[in-house]
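User: I am new to reading protein structures, and I would like a close look at a single part of this one. Please explain each term as you come to it.

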Amino acid sequence: MKASFADILREVSGEGLKKVLAKVPSWSEAESLVIPGSLSTEQCSSEETAMTKARTVSELGCRRVADLTGGLGVDSWAFAGVCGEVLYNEMNPSLVDAARHNFAALGVDNVRFSNAETLPGSIAGILGDFRPDLIFLDPARRSGSGRKVFRLEDCSPDVLKLKEELLLAAPRVMMKLSPMADISLAAAELGNHVSDVIVSGSGGECKELLVLMDRKEHLEYRISVVEKGSVFSFLPSEEAAASPRPGVPSHKLLFEPGKALLKSGAFRLTGSLEGMYKAGSSTHLYFCDEIHPSLAGLGKWFSIDRVEILNNRTIREAGKLNPHCEVTARNLQMSSEQLRKKMGCASGGTAHIFAFRCDASGEKLLVTTTRIISV
C-alpha cells in the first residue's frame, strides 16, 4: 500500500535532514523541509556542484530548463535561481511530493512538477507544452541489486538510447555522469554532438562529470575543470600536443593537482604553462616560483623547505625532524604508507614530505614542504 505524504512526514529522519543541510547550507533558512529517504540524500547534489550547473546554464543563456531526473530537487532549485521557468520531473511520487513541499518552503515558485519515468519515447509526453532551452539528466548509477555502476549503458535512464530524442526536444542537453566514468570513452559513445565536458571538483575531490551536447556536430569537445572559483579549460588536442618542461624542485613552490584536475587528464598542459615545471612524465607534481592564477583553486600548494636525495639516512632524519607530518610517495617502488613507516612518523603537523623520482635529475628525491593554506 502506498504511503501517504503525511506518513512520509512522520518518518522523516532528523539525521537525513542534517546531511542534506550540510550539503546545501542555504536550505537551512527554510522550515519544515521533507527528506523522504536516505538514498535520495546520498545521491543529491551539493550546493556547490548544483551552482556550477546553474552558472553553466546561465552562461549558455538558457531560460527554460527541464530536469528529467529531479530526485531531491537540489539541481532544479539551483536552476530556478537563474532561469525563468523549470520543469522538475521525477519517477518516484514520494520525491515529487517532497520537492513540491520543499520548494514552497524555500519560496521557489517558478517550477512545474511532473511524475513520470524517463524512457525512450516518453520525452514529449513528459514535456507537454514546456519548450526547454536545455534538458538536464542525472541518471541513477546503481544496478537493480544496489551495486554502483558508471558505464552509460548501465545507468538509468540509458542516455545512449535517449540522446537523439533529447536533442529533438531541446537544442541543448546536459547530463551528469559518474566521477568514475572515462571521459574519452563517454564522449566517443555519445558522439560528435558533445560540445563540452565539465569536471566539477570540491574539497580536492572530483565530484561530478557534466557532459554538454547540442544539435551541432563538433570535431572536438572542450574540457573545463571547475573548483573554488578557478576554471582551467582546454581541448584534448592541446593536451596531446603540449610539451611539459622537466624541472627540479629548486623553485619556491610545489603544486599537487587535485583529483578533478587529474581526472581531466591535463598532465602535460599543466607542466607547459608559463613558469610551471613537471617532476616527471609519470610524476604529476609541479614546481614554480609563483602560484599560477589558472590553477590557484585546483590543487594544493606548498612552499619548498628542503630538498635531499632519497635514501635510508635522509628518510630516518626526516622522520626525526618531523615526528608529525603528512607523507606522499609518487612513482616509487614503495607506497606512501611504507614511506611513513620507514620515517617512523605519525600524521598531523604542518609539514608535508614528498618522495618521488625526478626525470630532470634522474634521482629519487625527498622534499620537505609546508602547506599554503590560504589558496
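Analyst: The answer below takes one sheet, then what packs on it, and then a single residue. The model is a predicted one, in which local features need pLDDT of at least 70 and side-chain atom pairs count only at pLDDT 80 or more, whereas totals for chains, interfaces and linings use all residues. Residues are numbered from 1 along each chain as its sequence is written, and side-chain values use heavy atoms, with hydrogens and water left out.

The part to look at is an open sheet of seven strands, whose order is S11-S12-S10-S13-S16-S15-S14 and whose pairing is mixed. At its edges stand strand S11 (277-280) and strand S14 (324-330), each of which pairs on one side only. Helices (H or I, at least four residues) and strands (E, at least two) are DSSP runs numbered from the N terminus, and two strands pair if DSSP finds at least two bridges between them. On average, neighbouring strands of this sheet are turned by 40 degrees against each other, with direction ignored.

At one of these edges, S14 is joined by seven bridges to strand S15 (residues 346-358), and the two run parallel. Within this region, Glu 326 stands opposite His 352 in S15.

Two helices should be added to this picture. Helix H13 packs on the sheet by touching strand S13 (299-309), S15 and S16, and its direction makes about 125 degrees with that of S13. Helix H14 also packs on the sheet, where it touches S14 and S15, and the direction of H14 makes about 135 degrees with that of S14. Angles here run from 0 to 180 degrees between N-to-C directions, with axes being lines fitted to C-alpha atoms, for helices over the stretch in contact, and contact means heavy atoms within 4.5 Å.

How do the two helices pack together, and at what angle? H13 (residues 312-321) and H14 (residues 336-343) pack at about 75 degrees, and their axes are 8 Å apart. H13 and H14 are therefore roughly perpendicular to each other, since angles of 65 to 115 degrees count that way, those under 35 as roughly parallel, those over 145 as roughly antiparallel and the rest as oblique. From H13, the residues that make the contact are Asn 312, Ile 315, Ala 318 and Gly 319, while H14 contributes Leu 339, Lys 342 and Met 343. Sorted by class, this contact of H13 with H14 has four nonpolar, two polar and one charged residues. In this sorting, Ala, Val, Leu, Ile, Met, Phe, Trp, Tyr, Cys and Pro are nonpolar, Asp, Glu, Lys and Arg are charged, and the others, Gly among them, are polar.

Finally, Thr 368 gives a view from inside one strand, as this residue lies in S16 (residues 363-371). Is Thr 368 buried or exposed? With a relative accessible area of 10%, Thr 368 is buried, a word that means under 20% relative accessible area, whereas exposed means over 50% and partly exposed lies in between (1.4 Å probe, protein chains only). If residues up to four places away in sequence are not counted, Thr 368 touches Ser 303, Ile 304, Asp 305, Arg 306, Asn 322, His 352 and Ile 353. One of these neighbours, His 352, was met above as the residue in S15 that stands opposite Glu 326.
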